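The following exercises concern a single protein chain and are solved step by step. Please examine the sequence and the model before reading the solutions.

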Amino acid sequence: MKKYSALLLTLLLSSCSSEMVKNPEMLSLSNITVSYIRGEAFVMGSYNDPFLDKSPRSVRVSDFYIDKTEVTNAAYAQYLIEAGESVRKPDYITDLVLGAPTLPVVSVTYQEAVDFCEFYNKRLPTEAEWEFAAKGGTKFQDYFWGDDENPLYLNSRASKKEHAVAVASYPPNRYGLYDMHGNVREWVVDYYEKDFYKYACSPLSTDNNCYRNPVNEEPSRYRSNRGGSYSYSEGYPATVSFRFFDRIGSKHKDVGFRCAASDKDDWLFLDRSKFENQNFERPEEGQCIQELEVPKMKIITPSFKGLSFE
């Protein structure tokens, strides 16, 4: 009997060794690594900026999950081991300063961010999901703590750090999310189009799904990124609604990402009882979207500071 047991154990070990083992922490949808966001209607965008590319619209997002922090160098280094030699090593991941394990991984392209998330059965968040999550339950504030940039709450140019810092170095918003303002910009799934939210969800639109989970899938040379970074100042504010963009294949010292996931019932890793103080009641299927009051437009003077939308 012992012989057969030993043989069975040997077979099991040999069969398992040929299979790829993925980081369980990245696969997990527990409240240790992600926040569960109960979607609802909200006003996306703002007139309170100089770039005129985020006209306020009432939209609705479905329930989703999103990483509490930006993906770290440590998590990406583990991914490099698990995914194999075909994955490019980011430029700064071995840097003595920028490659520290708890810092966000940077210098990754849009597609590399997508590949990382998909490797762990996740995806990048949409612009709408990202902004809703960044608001942290607030409505019309520029930041989750108020309307003024405050270096006590984010790593921006005013913080004078001159590079990214360890994730979760600043207080989280009410959804338990860290560094949604500043530190590094974050890739999102949408293609960038300056007037997408101004026209795609026009009141005259005949698209019944226009207001539900909007995402710009019209191909262009650019993908959007959100959140601002350590190099951002008042001219490029790291507010909840601020939009920026980069070429799809580009990589930058101040651009990283975090992953998201749709609300599914077939996640084997999820124990929803661990999400304390969060409401899991879902809206009824087909529930009508109620229009929210959109703030009146403010008179502002555009200051593009050399930014080109070509």
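**Exercise 1: The chain as a whole**

Of the 310 residues in the protein chain, 49% are buried, meaning under 20% relative accessible area with a 1.4 Å probe, protein chains only. The model is predicted, so local features need pLDDT of at least 70 and side-chain atom pairs count only at pLDDT 80 or more, while totals for chains, interfaces and linings use all residues. Residues are numbered from 1 along each chain as its sequence is written, and side-chain values use heavy atoms, with hydrogens and water left out.

Task: State how many helices and strands the protein chain holds.

Solution: The chain has 6 helices and 9 strands. These are DSSP runs numbered from the N terminus, helices being H or I of at least four residues and strands E of at least two.

**Exercise 2: Two packed helices**

Task: Determine how α3 and α4 are oriented to each other.

Solution, step 1: The axes of α3 and α4 (residues 110-119) lie 11 Å apart, at an angle of about 75°. Axes are lines fitted to C-alpha atoms, for helices over the stretch in contact, and angles run from 0 to 180 degrees between N-to-C directions.

Step 2: The two helices, α3 and α4, are therefore roughly perpendicular, a class covering 65 to 115 degrees.

Step 3: Ala75, Tyr76, Tyr79, Glu82 and Ala83 of α3 meet Glu112, Asp115, Phe116 and Phe119 of α4, contact meaning heavy atoms within 4.5 Å.

Definitions and conventions:
Angles under 35 degrees count as roughly parallel, over 145 as roughly antiparallel, 65 to 115 as roughly perpendicular and the rest as oblique. Buried means under 20% relative accessible area, exposed over 50%, partly exposed in between (1.4 Å probe, protein chains only).
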